[in-house]
Amino acid sequence: MPNTKIYLDNAATTKISDSVLNAMLPWLKEGYGNPSSIYTLGREAAVALNTARSQVAKALGCDDNEVYFTSCGSESDNWALINTAKMMAAKGKKHIISTAFEHHAILHTLQALEKDGFEVTYLPVYDNGIVKVEDVKAAIREDTALVTIMYANNEIGTIQPIPEIGEICKSKGVIFHTDAVQAIGNVHINVKEQNIDMLSLSGHKIHAQKGVGVLYVNKKYRLAPYINGGAQERGKRAGTENIPAIVGLGVAITEAVAGIDAKNEKLKKFQDKIIDAVMKIDRVHLNGDREKRLAGNLNFSFEGVEGESLLLQLDLQGIAASSGSACTSGSLDPSHVLLAIGLPHEVAHGSLRISMSEYTTEEEIDRLLEVLPVIIERLRSMSPLWEHIIKGETFKIQ
Ligand SMILES: *Cc1c(COP(=O)(O)O)cnc(C)c1O
């Protein structure tokens, strides 16, 4: 097993909690029946599936028959966008509104739709990483099919004004989808009160297994099936259900939602402590709004530091963190999220995302704050650019 002692990359994925694992195990062993089968072994699996569906519905504030299990958050995003686009194109509506800093599961799907003749308006998110409600309002047109805006950003943790956007979409009769993968278990969500028509979430960001997700769809919309085949998921998403993962997701979402306030209270203290300490370092920026952010998520840019080197140095100390999204790590392109909030390329390159969970301890944060300033100083002392930066010389990395 890897020798990571301090895990601060919970926005990339989380560990499976003990209660989730214990709930899953019987369904991986003796409870292996197919929920479509009529004998007892199958019916028991069907009951477990229904229970998990009710747990998700309760956590979101919707009806059981508005919950669809999928294979991941990305699938939920693809389904919501592609099939809503198709449904609305039939009514002559081919305009979609989104933001510049969505997850790639949204952005790349939108790009595919653009190739198919849809027009997409990407709203700005300004330097605080928050979309303006009035921009959404102004962008809605007669032919707008869909608004899709994430609930909380995965790289910088900023929380979007989703209930207000939901209100506007409702008043204009436009379908509203939100990617809530990062928000579930961190923000209080009720899809009916917040006028959300469709919502995506993923198990592995809330201590369930990888490879299971949910799409909530308001029952007034008759979305076309995404996978054709059997009658699973009320004929909309064929494929024998992944019962152990779904059972785990039901437990995970119940616990995540029940624990929101206690977790936020604890993590907000850690967040303040980290910000106070890190902002003492020379030439550092906190990315995203100081207040309207997830309590467990922090993103800093250090001038004159290369993000990948920083991650490797932290790893040598047994600390796992990220320099943006897991998908961008390993590529030399700066994060589209950091560019969207106006960071210059060279500053975006020196970024660090710290994402905590309810399992994060104060000792772990203290250890991070002990090693981080030392690493930054060492990296800067080796950097040929740092001297230019402190002399105030402007430059561009070619
Ligand atoms: C992780 C993530 C996804 C993708 O979820 P998967 O289950 O890994 O496909 C989508 N959107 C956001 C905001 C995420 O953080």
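These are my notebook entries on a ligand site, a serine and a helix.

**Entry 1: the model**

I noted at the start that this is a predicted model.

**Entry 2: the ligand**

I began with the shell around the ligand. Which residues come nearest? I found 13 residues around the ligand, and Ser-74, Asp-179, Gln-182, Ser-202 and Lys-205 come nearest. I sorted the shell by type and got three nonpolar, seven polar and three charged residues. I then asked which element gives the most to this shell. Helix H3, residues 73–89, does, with three residues.

Next I looked up polar contacts. At Ser-202, I read 2.6 Å between a polar side-chain atom and an oxygen atom of the ligand. At Gln-182, an N or O atom of the side chain is 2.7 Å from a ligand oxygen. At Gly-73 the partner is in the backbone: a polar atom there is 2.8 Å from an oxygen atom of the ligand. I also checked cover. On its own the ligand has 380 Å² of accessible area, and the protein covers 90% of it.

**Entry 3: Ser-355**

I moved to Ser-355, which sits in strand E12, residues 351–355. Is Ser-355 buried or exposed? I count Ser-355 as buried because its relative accessible area is 3%, and the cut-off is under 20%.

What does Ser-355 touch? Leaving out residues up to four places away in sequence, I listed Tyr-7, Leu-8, Asp-9, Asn-10, Ala-11, Gly-296 and Asn-297. For Ala-11 I have a distance: its backbone nitrogen lies 2.8 Å from a polar side-chain atom of Ser-355.

**Entry 4: helix H9**

I then went through helix H9, residues 307–316. Its buried residues are Gly-307, Leu-310, Leu-311 and Leu-314. Why do I say that they line one face? Looking down the axis of H9, I see these buried residues fall within an arc of 100°, so they share one face of the helix. I recalled the general rule: an α-helix has 3.6 residues a turn, so residues three or four places apart point the same way.

I checked the other side of H9 too. Leu-312 and Leu-316 are exposed there.

What do the buried residues of H9 pack against? I found strand E10 (297–302), strand E11 (319–320), E12 and helix H12 (362–382). E12 is the strand that holds Ser-355, so I met it twice in these notes.

Last, I looked at what follows H9. Gly-318 comes after the helix, and its phi is positive, near 80°.

How values were computed: Residues numbered from 1 in each chain as written. Predicted model: local features only at pLDDT ≥ 70, side-chain atom pairs only at ≥ 80, totals over all residues. Heavy atoms only, no water. Near = heavy atom within 4 Å. Polar contact = N/O pair within 3.5 Å; in protein donor to acceptor, adjacent residues only side chain to side chain. Areas by Shrake-Rupley, 256 points an atom, 1.4 Å probe, with all protein chains shown as cover. Helix = DSSP H or I, 4+ residues; strand = E, 2+ residues; numbered from the N terminus. Nonpolar A, V, L, I, M, F, W, Y, C, P; charged D, E, K, R; others polar. Buried < 20%, exposed > 50% of the residue type's maximum accessible area, 1.4 Å probe, protein only. Contact = heavy atoms within 4.5 Å. Arc of directions from axis to C-beta.
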